[in-house]
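Me: I'm new to this one and would like a close look at a single part of it. Could you walk me through it slowly?

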Amino acid sequence: VAKNSMLVDGQMNSRLLKQWVNHAAFHTQMLIHQARLEVADGSRAVQAAGVYQGQLNGASSDGDDKGAKGERDTGYPGSEGGRFSPEQSRRRRARLQQAIGLMEMDVDPIAILNPHLPVLAVFFDGQKDLMKDYRLGRQSLEALLRILPSKSTQGWSHEVNVLMTLYWLAHGLSYSVVSRAYDVPKSTVCRLVHTGVQKIAALRQEVIKLSPPPGELEEVGQGFARLANSPVFSRCVGAIDGCHVRIKTPPGPLGQDYLNRKLFPSIQLQAVCDGKGFFLNTFVGYPGSVHDTRVLKNSAIYKQALILPFG
């Protein structure tokens, strides 16, 4: 396409021309993207856009002068040997001017998404219950937003990253379905979900602790006593159980090891929680065919004798 529509008399190598056009388009898109995120005056993106706009204006005036004299335009600034017709150069300059004009818009990062999408509208409403969509209450979700690192991911806001990750985790959906729900590309969903899961998993050692402060042990026991409606459980400080997390069968002969007694592939999660349902300890990773007792005996809570203090 470049060879047929952009070269005249073979004055410029088609490979070099394609490279130059790709670089120009890339830098223009990056400037637009960064300027949207850095709307403050004096940002690097705005300064760079100003320099680029000046070069573009210079090229435009040069092209107009050459067009008036009947000469062929040389195209973008810095292109040597490229010979485009005045009409081609005019169209290319118009496209760049339109793109750079977007950088002058005062766009908030969250405006990249449509706030009227149902999965976003329920969050930004401020009052609606989030349990149905995100499997978390509003108070818990806002607490998670506060404790997670707030650095944006590839230009997407912290809130969007966390919401998309929680929506994917809550419903076990494919990337394609989440992509349609948030109206973003599937590749973006994949990157944001992976980043969000890594952020959440990094908090495991901070929020999941087996030994509560000594002063809270009695409160934990009283919580179990209220649940069981019996004072016998006032000495209980944790409940342990396991569950099977469904997975795709791994390839190869070892895939059969993941079939559990209910005949679906899984990995096992062993967890200890208190009377409020807060996790105190987790151990995950054994294939579904392994017995619960073996999982317990190989976990840190058993091997390292992670026993709560007496009393």
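Which residues do ring pairs link into a cluster? Please start there and tell me about the helix that goes with it.

Reply: Happy to, and keep in mind that this is a predicted model. The cluster is made of Y134, Y167 and Y182, joined up by ring pairs. By the ring-centre rule, the count for the structure comes to 5 aromatic pairs. Take Y134 and Y167: their ring centres are 6.1 Å apart and their planes meet at 65°, and since an angle over 60 counts as edge-to-face, that's what this pair is. Y134 belongs to helix 6 and Y167 to helix 8, with the two positions 33 residues apart, so to speak, and the pair links distant parts of the chain. Both tyrosines are buried.

Now for helix 8 itself. It runs over residues 158–171, which makes 14 residues. From its first C-alpha to its last it reaches 20 Å, close to the 20 Å you'd expect at 1.5 Å a residue. Of those 14 residues, 10 are buried, so helix 8 is largely enclosed by the rest of the structure. If you want to find them in the view, the buried ones are H158, V160, N161, V162, L163, M164, T165, L166, Y167 and A170. So what does the covering? Among the elements over these buried residues are helix 5 (118–124), helix 6 (131–134) and helix 7 (138–147). Helix 9 (175–182) and helix 10 (186–201) are included too. Helix 6 is where Y134 sits, the ring partner of Y167. Right after helix 8 comes G172, and its phi is positive, near 60°.

While you have the model open, here are a few other spots to look at. F283 and Y286 form another aromatic pair, a tilted one, with 5.9 Å from centre to centre and 40° between the planes. Y286 has 23% relative accessibility, so it counts as partly exposed, whereas Y134 and Y167 are buried. There's also a charge over a ring: the charged end of R246 sits over the ring of F264, 4.1 Å from its centre.

Finally, the cysteines. A disulfide is a covalent bond between the sulfur atoms of two cysteines. Here the count comes to 0 disulfides. C236 shows why for its own case: the closest cysteine sulfur, in C273, is 9.2 Å from the sulfur of C236, too far for a bond. C190, for its part, counts as partly exposed because its relative accessibility is 28%.

Note on methods
Residues numbered from 1 in each chain as written. Predicted model: local features only at pLDDT ≥ 70, side-chain atom pairs only at ≥ 80, totals over all residues. Heavy atoms only, no water. Helix = DSSP H or I, 4+ residues; strand = E, 2+ residues; numbered from the N terminus. Expected span 1.5 Å × (residues − 1). Buried < 20%, exposed > 50% of the residue type's maximum accessible area, 1.4 Å probe, protein only. Contact = heavy atoms within 4.5 Å. Disulfide = S-S within 2.5 Å. Phe/Tyr/Trp six-rings, centres within 6.5 Å; stacked < 30°, edge-to-face > 60°. Lys NZ or Arg CZ within 6 Å of the ring centre and 35° of its normal.
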